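Please open the structure in a viewer and keep the selection tool at hand. The tour proceeds by selections, each followed by a description of what is found there.

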Amino acid sequence: MRQPLHERIRSDFEARILSGDLAPGDRLPIEQELMQHYGCARMTVNKALSALLSAGLIDRRKRAGTFVARPRMHSMVLDVPDLPSQIRERGQAYAYEPIGHRLRPPAPALEEEVQLAGEGDLFELEGLHLADNIPLALEYRLISVLAVPDIGDATDIEAISPGSWLLKHVPWTEAETRISALEATTEEARLLRIPQRSACLCVERRTWRSSDRITYVRQLFVGNSYDLVAHFGATR
């Protein structure tokens, strides 16, 4: 039985995406080009693209075009995840790209910073998490020097990512996570290599060791690349 044309278009692009011939973020030809190439109507092309969209293989953006979707990462909401491990478990290459770091006092007008610092300073870091050399998340982090006195001498903190370093060296007993959706600013979009005002998932997390505050982190994920999952059981 002859395969319907829209199915052939879908399977052609599905094979190219799954084989890596089309990489995440690559732009697909515009509809007019596909219509000309396959000798079909716009409805046929739309049907094929809709099937690819439903399968999570492409993203369609107004006034921008159609792009190969970035793989989604999954995280447990109630956990403190190790992002590099999550990425590697998906079979992707992980990299952390430092943007900058400095030791500084807390801003007196920001109560959050004052509480985190206690009687000490803050170690501030900013960097980019990449999966297969594609930006996944922009991270801004503050670490209490009082709680982590060796942080200033840690030469490997940006080599393995700050979060991984903390999980390895500093035990935590309590965590708080806040999740929100927002649009990327001009600078955030530039660093994440996405269009301005793209929808992003913002994850803010605070951790404690007993009553001592350890860190505050804000991670801005490309909106279509990350899932947060929670599994709950009934309690008596």
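The stops below cover the domains, a pair of helices, a pocket and the cavities.

**The two domains**

The model on display is a predicted one. Begin by colouring residues 5-68 and residues 83-222 separately, since these ranges are the bounds of domain 1 and domain 2. The centres of domain 1 and domain 2, taken over C-alpha atoms, are separated by 36 Å.

**A pair of helices**

Next, select residues 5-19, which form helix H1, together with residues 42-54, which form helix H3. How do the axes of these two helices cross? They come within 8 Å of each other, at an angle of roughly 45°. H1 is therefore oblique to H3. The handedness of this crossing is right-handed.

**The largest pocket**

Now select Arg-61, Pro-195, Arg-197, Ser-198 and Ala-199; of the 15 residues that line the largest pocket, these lie nearest its centre. The volume of this pocket is about 440 Å³. Which element supplies the largest share of the lining? Highlight residues 58-61 to see strand E1, which contributes 3 residues. With the domain colours still on, note that domain 1 and domain 2 each provide at least three residues of the pocket lining. By character, the lining residues comprise 6 charged, 5 nonpolar and 4 polar.

**The cavities**

The final stop concerns enclosed space. Across the whole structure, a search finds 2 cavities of 30 Å³ or more. The largest cavity holds about 230 Å³ of space. To locate the largest cavity, select Val-80, Pro-81, Arg-141, Gly-163 and Leu-167, the residues nearest its centre among the 22 that line it.

Which elements each give at least two residues to this lining? Select them in turn:

- helix H4, residues 83-89
- strand E6, residues 134-144
- helix H6, residues 162-169
- strand E8, residues 199-209
- strand E9, residues 212-222

Colouring the lining of the largest cavity by residue character shows 11 nonpolar, 7 polar and 4 charged residues.

Technical notes. Residues are numbered from 1 along each chain as its sequence is written. This is a predicted model: local features need pLDDT of at least 70, side-chain atom pairs count only at pLDDT 80 or more; totals for chains, interfaces and linings use all residues. Side-chain values use heavy atoms; hydrogens and water are left out. On a 1 Å grid over the protein atoms alone, a cavity is a set of points where a 1.4 Å probe fits but cannot get out, and a pocket is an open set with protein on both sides within 12 Å along at least five of seven lines; lining residues have an atom within 4 Å of a point. Grid points are joined across faces, edges and corners, and a volume is the space filled by probe spheres set on the points. Helices (H or I, at least four residues) and strands (E, at least two) are DSSP runs, numbered from the N terminus. Ala, Val, Leu, Ile, Met, Phe, Trp, Tyr, Cys and Pro count as nonpolar, Asp, Glu, Lys and Arg as charged, and the others, Gly among them, as polar. Domain bounds come from an automatic or database domain assignment. Axes are lines fitted to C-alpha atoms, for helices over the stretch in contact, and angles run from 0 to 180 degrees between N-to-C directions. Angles under 35 degrees count as roughly parallel, over 145 as roughly antiparallel, 65 to 115 as roughly perpendicular and the rest as oblique. A crossing is left-handed if the near helix is turned anticlockwise from the far one by less than a right angle, and right-handed if clockwise.
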